[in-house]
Amino acid sequence: MPGLSRRSFVLLASALLLSGCSVAMAPAPAPATTPGQLSQSAIVSAINSVRAQNGRPPLLYNSKLEAAARSQANLMARKDMLSHNLGVTLRQRVSEAGYEGAVGENVAGGQKTLAQAIQGWLDSPAHRNTLLSTRFTEFGLAYAAVGPGRKSRYGTYWAFIAGGSFEAWKN
């Protein structure tokens, strides 16, 4: 190119190349929502998004079911065990929280984000059935992390409890 020094040409070519690369690069993925960043609206959105993708109606959020889920997540973290029954049954936990309807529970351990916990449940037929059941109309969800400095098998524990009318289960 007349009038351009070799150095100017190299700088111009580099700038054009870099500008082309920045347009062609895929955007960075959004950061995953960690448990400490979860809000009730983010939880409802995540659960109902998965249900919508699978042709299911949305669930309402229920604070009594959340309290029962929190009780379970905290118990699992305290005992560092992944289980539905650690001396207190699901029915006992939901009744203690003031919920008297039909319930189903999913628990998970080790997932660092809600999306990972949901994917784990979707990958398990029984957990998938609970998450996507049309017999349930509401849910609560909680997580608990094992305290810093404590050795742990899973680190983070999740509990999802879906609830609804006993009538939906008759037949």
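A salt bridge here is a side-chain nitrogen of Lys or Arg within 4 Å of a carboxyl oxygen of Asp or Glu. By that rule, the count comes to three salt bridges. This is a predicted model, so local features need pLDDT of at least 70 and side-chain atom pairs count only at pLDDT 80 or more, while totals for chains, interfaces and linings use all residues. Residues are numbered from 1 along each chain as its sequence is written, and side-chain values use heavy atoms, with hydrogens and water left out.

Here are the pairs:

| Basic residue | Acidic residue | Closest N to O |
|---|---|---|
| Lysine 170 | Glutamate 167 | 3.0 Å |
| Arginine 70 | Glutamate 66 | 2.6 Å |
| Arginine 93 | Glutamate 105 | 2.7 Å |

Side chains of opposite charge can pair when their charged atoms come close.

Let's start with lysine 170 and glutamate 167. Some terms help: buried means under 20% relative accessible area, exposed means over 50%, and partly exposed is in between (1.4 Å probe, protein chains only). Lysine 170 is partly exposed at 48%, and glutamate 167 is exposed at 52%.

Next comes arginine 70 with glutamate 66. Both sit in helix H3 (residues 63-79), four residues apart, or about one turn of the helix. Helices (H or I, at least four residues) and strands (E, at least two) are DSSP runs, numbered from the N terminus. An α-helix has 3.6 residues a turn, so residues three or four places apart point the same way. Arginine 70 counts as partly exposed, with 33% relative accessibility.

What about arginine 93 and glutamate 105: which parts of the chain does the pair link? Their salt bridge has its closest N and O atoms 2.7 Å apart. The pair joins distant parts of the chain, with arginine 93 in helix H4 (residues 90-96) and glutamate 105 in strand S2, twelve residues apart. Arginine 93 is buried at 3% relative accessible area, and glutamate 105 is buried too, at 8%.

Now for a backbone oddity. Aspartate 80 has a positive phi of about 50° although it isn't a glycine. You'll find aspartate 80 in the loop between H3 and H4, and it is buried, with a relative accessible area of 9%.

Finally, have a look at helix H6 (residues 125-132). Its buried residues are Thr130, Leu131 and Leu132. They pack against helix H2 (40-53), strand S2 (102-109), helix H5 (114-122) and strand S4 (156-164), where contact means heavy atoms within 4.5 Å.
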